[in-house]
Amino acid sequence: MSSAVYNITLLEGDGIGPEIVKNVLAILSASGLKINWDRCLAGAVAYEKIGNVLPKETIKSIEKNKIVLKAPITTPVGYGFSSVNVQLRRHFNLFSNIRPSKNIEGIKTPFNNVDLVIIRENTEDVYAGLEEKIDENTIHGIKLITRSASERICDFAFKYALNNNRREVCVATKANISKLADGMFLNCFREVAKNYPQIKKREILIDNLCMQLVQNPSQFDVLVMPNLYGDIVSDLCAGLIGGLGVAQSANIGENCAIFEAVHGSAPDIKGLGIANPTGLLRSAILMLEYISENEKAKKIENALYLVLKEGKTLTKDLGGNSSADEFTKEIINKLSIV
Ligand code: NAI
């Protein structure tokens with residue numbers, strides 16, 4: 001049994017962030033993991049206290065610890081400061097966003113054989129924030145696609161497939177219309193694919209992918225795509241396995257990784273005690289695998305899956321009427337029997 005003590009930066013976020021963090025930390029602690037959490041500020045909360053949405057203390061903590069568990073941070077829609085999530089991903093060059101979607105026993109969905117992983121480019125595309133006002137009625141929004149980032153993410157997707165016993169990597173673009181930007185992404189995929197003869201390759205247009213995903217999702221394995229498509233399609237895929245409350249994600253770079261749920265700060269359910277901590281918990285499980293705490297990761301996952309399979313103590317988004325605290329307590333109870 002590992003006796004390591006880990007130093008991990010914790011961003012509690014806002015909206016439902018502090019609620020789901022409290023639940024997830026209780027489960028991690030009950031599993032016997034020893035983690036020194038370095039609680040740092042980011043987003044509107046940081047702005048109110050320090051006057052900066054991404055304080056230098058937060059940056060320093062991440063530089064030191066290199067691992068972050070992060071709750072959602074609200075980004076003002078249509079005005080205000082640019083996304084702190086995007087700033088973090090770009091600052092720490094977290095070029096790949098891994099978003100697995102696999103059916104979970106006990107969660108009823110239209111399909112029961114979904115098992116796919118989206119590898120989303122995480123640093124450029126329209127998230128580069130290159131917009132300019134030409135005049136009152138005209139805006140130029142620039143979609144930035146570079147060869148180096150496209151090659152890097154395609155290579156990451158093939159390596160991921162190899163290391164995780166996956167059979168196929170499929171690239172999704174709109175290269176019929178965006179002939180230069182998406183065209184280059186597609187060409188990078190084709191070039192990189194030559195280095196991985198053991199993995200099947202497939203190409204699909206993003207609109208067709210969406211239709212195929214809601215009709216026959218089990219045909220897909222690993223999917224790689226530019227940033228914006230990856231953002232949208234991963235919410236669709238969260239819907240295939242039970243919704244945003246359960247979807248996990250990992251932002252991985254060369255020297256640093258940030259683990260966070262796919263969902264946002266859910267202001268509509270803030271403070272009601274019903275926010276499902278599963279998405280953040282499953283992201284924490286990815287974090288434990290990343291630091292090679294595989295035994296603890298499996299134990300927590302087994303406890304979570306047992307509660308979901310029994311279906312007696314579920315939060316509202318999964319059709320139950322338990323509070324997030326009751327759901328959390330049930331997972332902790334199960335830790336002693338899994
Ligand atoms: P959202 O993901 O926060 O919520 C969408 C819907 O899913 C809502 O009905 C919400 O109640 C539900 N939901 C989300 N998480 C849930 C959970 N754990 N349990 C139960 N139900 C859950 O998306 P929305 O409302 O579009 O965005 C709200 C804010 O979050 C925006 O400011 C957005 O920019 C930000 N955001 C932040 C992200 C991050 O920090 N990584 C990611 C996505 C959005």
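This is a walk through the structure in your viewer, one selection at a time. Keep in mind that you are looking at a predicted model.

**The whole chain**

Start with everything shown as cartoon. The secondary structure comes to 11 helices and 12 strands. Turn the C-alpha trace along its principal axes and you will find that it spans about 55 × 50 × 40 Å. The radius of gyration is 20 Å, which agrees with the value near 20 Å that a compact globule of 338 residues would have.

Now switch on the surface. The protein exposes about 15,600 Å², and carbon and sulfur atoms supply 51% of that area. Colour by burial instead, and 54% of the 338 residues come out as buried. As for contacts with a separation of 6 or more, 72% of them are between residues 24 or more positions apart.

**Two domains**

Select 1-96 + 243-338 and give it one colour: that is domain 1. Then select 110-240 for domain 2. Their C-alpha centres lie 25 Å apart. How many residues does each domain bring to the contact? Domain 1 gives 13 residues and domain 2 gives 13 residues.

While you have the domains coloured, pick Gly-243, the residue where the second segment of domain 1 begins. Gly-243 sits in the loop between helix H8 (227-240) and strand E11 (248-252). With a relative accessible area of 17%, Gly-243 is buried. Draw a distance from its C-alpha atom to that of Pro-226: the two are 17 residues apart along the chain and separated by 22 Å.

**Aromatic rings**

Next, show the side chains of the aromatic residues. Across the whole structure there are 4 aromatic pairs. Zoom in on Phe-95 and Phe-156, whose rings are edge-to-face, at 5.8 Å centre to centre and with 90° between the planes. Phe-95 belongs to the loop between helix H4 (84-91) and strand E4 (96-102), while Phe-156 belongs to helix H5 (residues 147-163), so this pair ties together parts that are 61 residues apart in sequence. Are these rings buried or exposed? Phe-95 counts as buried at 6% relative accessibility, and Phe-156 counts as buried too, at 18%.

Stay on helix H5 and move to Phe-158, then add Tyr-196. These two rings have their centres 5.1 Å apart and their planes at 10°, so they are stacked. Here too the pair links distant parts of the chain, 38 residues apart: Phe-158 is in helix H5, and Tyr-196 is in the loop between helix H6 (181-193) and strand E9 (200-205). Both Phe-158 and Tyr-196 are buried. Add Phe-189 to the selection and you have a cluster, with ring pairs linking Phe-158, Phe-189 and Tyr-196.

One more ring deserves a stop. Select Tyr-127 together with Arg-120, and you will see Arg-120 lying over the face of the ring, 5.3 Å from the ring centre.

**Two unusual backbone angles**

Hide the rings and look at the backbone. Most residues other than glycine have a negative phi. Select Asn-93, which is not a glycine and yet has a positive phi of about 50°. Asn-93 lies in the loop between H4 and E4, the loop that also holds Phe-95. Its relative accessible area is 34%, so Asn-93 counts as partly exposed.

For the second case, jump to Ala-266, again not a glycine, with a positive phi of about 40°. Where is Ala-266? Look in the loop between strand E12 (257-261) and helix H9 (278-290). Ala-266 is partly exposed as well, with a relative accessible area of 21%.

**Last stop: Val-307**

Finish by selecting Val-307 in helix H10 (residues 294-310). Val-307 is buried, with a relative accessible area of 1%. Which residues does Val-307 touch, leaving aside those up to four places away in sequence? Show Lys-312, Thr-313, Leu-314, Phe-327, Glu-330, Ile-331 and Lys-334. Then put a distance between the C-alpha atoms of Val-307 and Lys-334: these residues are 27 apart along the chain, and the atoms are separated by 7.6 Å.

Key:
Residues are numbered from 1 along each chain as its sequence is written. This is a predicted model: local features need pLDDT of at least 70, side-chain atom pairs count only at pLDDT 80 or more; totals for chains, interfaces and linings use all residues. Side-chain values use heavy atoms; hydrogens and water are left out. Rings of Phe, Tyr and Trp (its six-membered ring) pair if their centres lie within 6.5 Å; planes under 30 degrees apart count as stacked, over 60 as edge-to-face and the rest as tilted. Helices (H or I, at least four residues) and strands (E, at least two) are DSSP runs, numbered from the N terminus. Buried means under 20% relative accessible area, exposed over 50%, partly exposed in between (1.4 Å probe, protein chains only). A charge sits over a ring if NZ of Lys or CZ of Arg is within 6 Å of the ring centre and within 35 degrees of the ring normal. The radius of gyration is taken over C-alpha atoms; the globule rule is 2.2 Å times the number of residues to the power 0.38. Contact means heavy atoms within 4.5 Å. Accessible areas come from the Shrake-Rupley method with a 1.4 Å probe; for residues, only the protein chains shown count as cover. Domain bounds come from an automatic or database domain assignment.
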